[in-house]
Amino acid sequence: MGSINESRALISSSGELGMILSRHGYIAKPEIANVLFLALRLQKPLLLEGPPGAGKTQVAKVLSEALQMPLIRLQCYKGIDEAKALYLWNEPLQRLALEFMRDSSQDGSQAIWSGLKQRLYSADFLIPGPILRALQSDTRAVLLIDEVDKTGPAFEAFLLEILSDFQVSIPQLGTVVAKHRPVVVLTSNAQRKLTDALRGRCFLLWMNYPAPDQESEIITTHAPAFKAQLASQVARFTAAVRHLGMAKPPAIRESLDWIDALTLLGATELTSDVVSATLPVLLKTREDIDRAAGNVGLLLQRACA
């Protein structure tokens, strides 16, 4: 797998990358494929920013599949610290080692006690987190740092060494340098402003919801048997819903779930009855469903124009 891994990373052009992604079910606009290509070839972290559900996380998943690299994911959340992201010490194993040391020292084996005491904070007792696993991977990996905007400036500062030098410093072990530089993808829902220091270490790609014609293409890629006319109607309807000021605008994955539901029901066109019966598949809050239900006529008019 190693040779395939490296050769796939040396894609010759953004057009070639776009075709590879398309074969794996991801329709990338030329400007997206171009930035992805540059980030891969120049080995720069990539910051994908945009509204929730615009397909940012999917980029990392498809890159992992298309480049045949393992995907290692760090899901960020409020209050996450570097221990969760980097490593933890295996305390139960350390306690067992201490018991063994104590028993050995009672037998007069002071040398065993001294040797094991030094090993308590060695790699043998380390539980690597996602970032350390990506750096220590025997093959190049895709490291996804998802929803980094849910963290704070302190956690961003911790990431800077990884984003700049692809290494981390562990007090008891020293500096751990990546065996193979991972493909680093960060995502942000733009819920807060990220620090300039983090932004400066990444290539930025702003990702919005796809235009209706592109979403229609995504739909037909996801469900090849789905009729083109109905795919266009669904894409236009979903785009119109997103402009209603929803609390949770439908993500691309939710529009694809809707496609699956419409296919299962044997729908051949969007009608008010079909839409009303399936809105809970597309929308995820009671308020959003009620708002869309109250505007079905207008939404259908835009979808079928």
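Does D146 count as buried or exposed, going by relative accessibility? Hold that for a moment. First, a reminder: this is a predicted model.

Now the answer. D146 counts as buried, because its relative accessibility is 2% and buried means under 20%. Its partner is R73. The two side chains meet in a salt bridge, at 2.7 Å from N to O. R73 sits in strand β2, residues 71-75, and D146 sits in strand β5, residues 142-146. So the pair ties together parts that are 73 residues apart in sequence. R73 itself is partly exposed, with a relative accessible area of 36%. One partner is buried, then, and the other is partly exposed.

That is one of nine salt bridges in the structure. Two others are on my list today.

Next pair: R199 and E49. Their side chains meet in a salt bridge, N to O at 2.9 Å. This pair links distant parts of the chain, 150 residues apart. R199 belongs to helix α10, residues 196-199. E49 belongs to strand β1, residues 46-49. How exposed is each end? R199 is partly exposed, at a relative accessible area of 25%. E49 is buried, at 6%.

Third pair: E215 and R242. Here the side chains form a salt bridge with an N to O distance of 2.8 Å. Both are helix residues. E215 is in helix α11, residues 212-222, and R242 is in helix α12, residues 228-242. The two are 27 residues apart, and the pair again links distant parts of the chain. And the accessibility? Both E215 and R242 are buried.

Now to the empty space. How many cavities of 30 Å³ or more does the structure hold? One. About 60 Å³ of space lies in the largest cavity.

Who lines the largest cavity? From the earlier part of the chain, the lining includes L36, A39, L40, Q43, K44, L46 and L63. R140 is there too, along with P182, V183, V184 and V185. Which elements supply at least two lining residues each? Helix α3, residues 30-42, and strand β8, residues 183-188.

And the chemistry of that lining? Nine residues are nonpolar, one is polar and two are charged. The polar one is Q43, because it is outside both the nonpolar and the charged sets. The charged ones are K44 and R140, because Lys and Arg count as charged.

To wrap up. Three salt bridges: R73 with D146, R199 with E49, E215 with R242. And one cavity of 30 Å³ or more. That's it from me.

How values were computed: Residues numbered from 1 in each chain as written. Predicted model: local features only at pLDDT ≥ 70, side-chain atom pairs only at ≥ 80, totals over all residues. Heavy atoms only, no water. 1 Å grid on protein atoms, 1.4 Å probe; cavity = no way out; pocket = protein on both sides within 12 Å on 5 of 7 lines; lining within 4 Å. Points joined across faces, edges and corners; volume = space filled by probe spheres on them. Helix = DSSP H or I, 4+ residues; strand = E, 2+ residues; numbered from the N terminus. Salt bridge = Lys/Arg side-chain N within 4 Å of Asp/Glu carboxyl O. Buried < 20%, exposed > 50% of the residue type's maximum accessible area, 1.4 Å probe, protein only.
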